[in-house]
Every structure is written in C-alpha cells, then in structure tokens.
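Biologist: Please put the model up. I have some short queries about its fold and two of its side chains.

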Amino acid sequence: LCNYKGTSHIKLAAAIEFIHTATLLHDDVVDESLQRRGKPTANLLWDNQSSILVGDYLFSKSFQLMVEADSLKVLSVLADASATISEGEMLQLSAAKNIHIDEATYFKIIDGKTAALFSAATKVGAIISNMNETYVNALSNFGRALGVSFQITDDLLDYVGFEQNLGKNTGDDYREGKITLPLIKTISKSSKDETIFLEKTIGKGIQNPSDLDQAIFLMRKYNAFDDTRCEALLWASKATSYLDVFPECEIKTTLKELTSFVVSRVN
C-alpha cells in the first residue's frame, strides 16, 4: 500500500508508539489499574507521579520525532490525534458511573480514546508515502473503523474473556463503573428493579462479590453480548470495505487478516 521510506517511517512508528504508551500510562493512573497485559502496571510498581511524568516525557519525545520526520501534514495529524485522545479520556472520565449514557456518547468516547490513534497511524503512512487524497482518506477511514471494532471487542472481552488471555481481571470495567456497550445495551432493556440494581452497583459503586455475576446474567438475558459482537463485526466489515480502492497485494491481505483477528478474539 505504501513505499517504505526508511528513517522517516521508523521515527513516525516510534512516535505513534510513544503516544500510545503514554496514553496507557496515564489511563492506568486514572483507572487505578493493577495489571496491564498480565503484568503489574507502572503506577503499582512505582507510583502515580512516576507514571504521569514518564507519560509526559513520552508525549514530548513523540513530538520531537514528528518534527524530525520533516512533514507538517504528519505533525498536524498526530498533534490532532493526541488532543482527541485526551478529549476522549476526559469524556470517559466524566461519563463514569452514569448509567444513563447512550450509545452515541459511548461511540464518541471510543472514537476519541482509541479510533483516533488508529486512524492517525494509518493516515500518516499514506501521507509520508505521497499517496493521493483518495488513498489517504481510505487508510484514515480504515484505521478509524478498525479502532472502533477493536475497542468494542475489548469492552466485550472484559466480560466474556479469559483472564489468562486478557492480562487483566474480567469485570474490571464493571467494578470501575465504566459504561461500555454491553452495559448500555442491557440498561436500555432493563426493568425498573434491574435498573435500580445497576444504579446501586455501578452508579453508586455499592457492590457485593456476587453482583458481577448478576450483571452478567442480565447482559446474557438481553443478548447484550451477541449484539455487541455484531456491532464489532459491523465495524470490522466497514474497515475492510475501505481497502477496496487498493489493488490486491500482500499488505492489503495482511490488513484484512488483521481486521479479522481483532474480532476473532471473541468466539
């Protein structure tokens, strides 16, 4: 899909990874997370201050690398993505424990906190390879749709995944009061008594050990898991469709396989 240009591509790949890592460091502090990919988080190993400072350093380093790539377009795309990611994280924080959040708000959150970086990563590859506007937009849209599909799948795995594969405890989103798609779909169909239960356990954070099982029972009752998986598959299909403008090649096949893998994590 693009011609490899050596050093510039390497620096931009590093910049994107630094932005991603910095976001995760800050995210773990905000969420008070104890595990990340099966290992203790930096804020647990050291402290919150250290995690924030390292995250800030990585953000700064990423912008140094962007400047060295010598492309104002690329710098603009990644700078915009960094701001959008922060906005998404702030919106998620403000939406925590609010069981009245709707799907539109949820998609705005994940579009900011996840899809924006996926979109930026695919878009800058096209820009630095001097692709025409059609290809640049196609790869940008591909990345965004892939990011949405990835995050929906991740949110579903929080309830139906296996801990040894997730690298974190199942049900963490529920315990932290994060309102994700499985919960939103369940809340929209819940009875008055069920809504009261969810308001108490999520909205007010008053939880007993058995409450997670009850919440999962309600999600299964209202087919929230199946509906959420269908949503992830829909976005994966959208992502693949954006690649139709490209001729068949090995990289195009790899991107399609990547899209399939994202949703295959939930059987």
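The exchange below goes from the whole chain to single residues.

Biologist: What kind of model is this, and how many helices and strands does the protein have?

Modeller: This is a predicted model. Its secondary structure contains both element types. The count is 13 helices and 2 strands.

Biologist: What percentage of contacts with a separation of 6 or more joins residues 24 or more positions apart?

Modeller: Take the contacts in the protein with a separation of 6 or more. Keep the pairs 24 or more positions apart. Their share is 73%.

Biologist: How much of the accessible surface belongs to carbon and sulfur atoms?

Modeller: The protein exposes an accessible surface of about 13,600 Å². The part on carbon and sulfur atoms is 55%.

Biologist: Is K113 buried or exposed?

Modeller: K113 sits in helix 5, residues 103-128. Its relative accessibility is 13%. The cut-off for burial is under 20%, so K113 is buried.

Biologist: Which residue makes a polar contact with the side chain of K113?

Modeller: Beyond four places in sequence, K113 touches I85, G88, E89, Q92 and Q151. The polar contact runs side chain to side chain at 3.0 Å. The partner is Q92.

Biologist: Is D172 buried or exposed?

Modeller: D172 belongs to helix 8, residues 172-176. Its relative accessibility is 16%. That value falls under the 20% limit, so D172 is buried.

Biologist: Which side chain is joined to D172 by a polar contact?

Modeller: The contact links two side chains. Its length is 3.2 Å. The partner of D172 is R175.

Key
Residues are numbered from 1 along each chain as its sequence is written. This is a predicted model: local features need pLDDT of at least 70, side-chain atom pairs count only at pLDDT 80 or more; totals for chains, interfaces and linings use all residues. Side-chain values use heavy atoms; hydrogens and water are left out. Helices (H or I, at least four residues) and strands (E, at least two) are DSSP runs, numbered from the N terminus. Contact means heavy atoms within 4.5 Å. Accessible areas come from the Shrake-Rupley method with a 1.4 Å probe; for residues, only the protein chains shown count as cover. Buried means under 20% relative accessible area, exposed over 50%, partly exposed in between (1.4 Å probe, protein chains only). A polar contact is a pair of N or O atoms within 3.5 Å; within protein, one must be able to donate a hydrogen and the other to accept it, and residues adjacent in sequence count only if both atoms are side-chain atoms.
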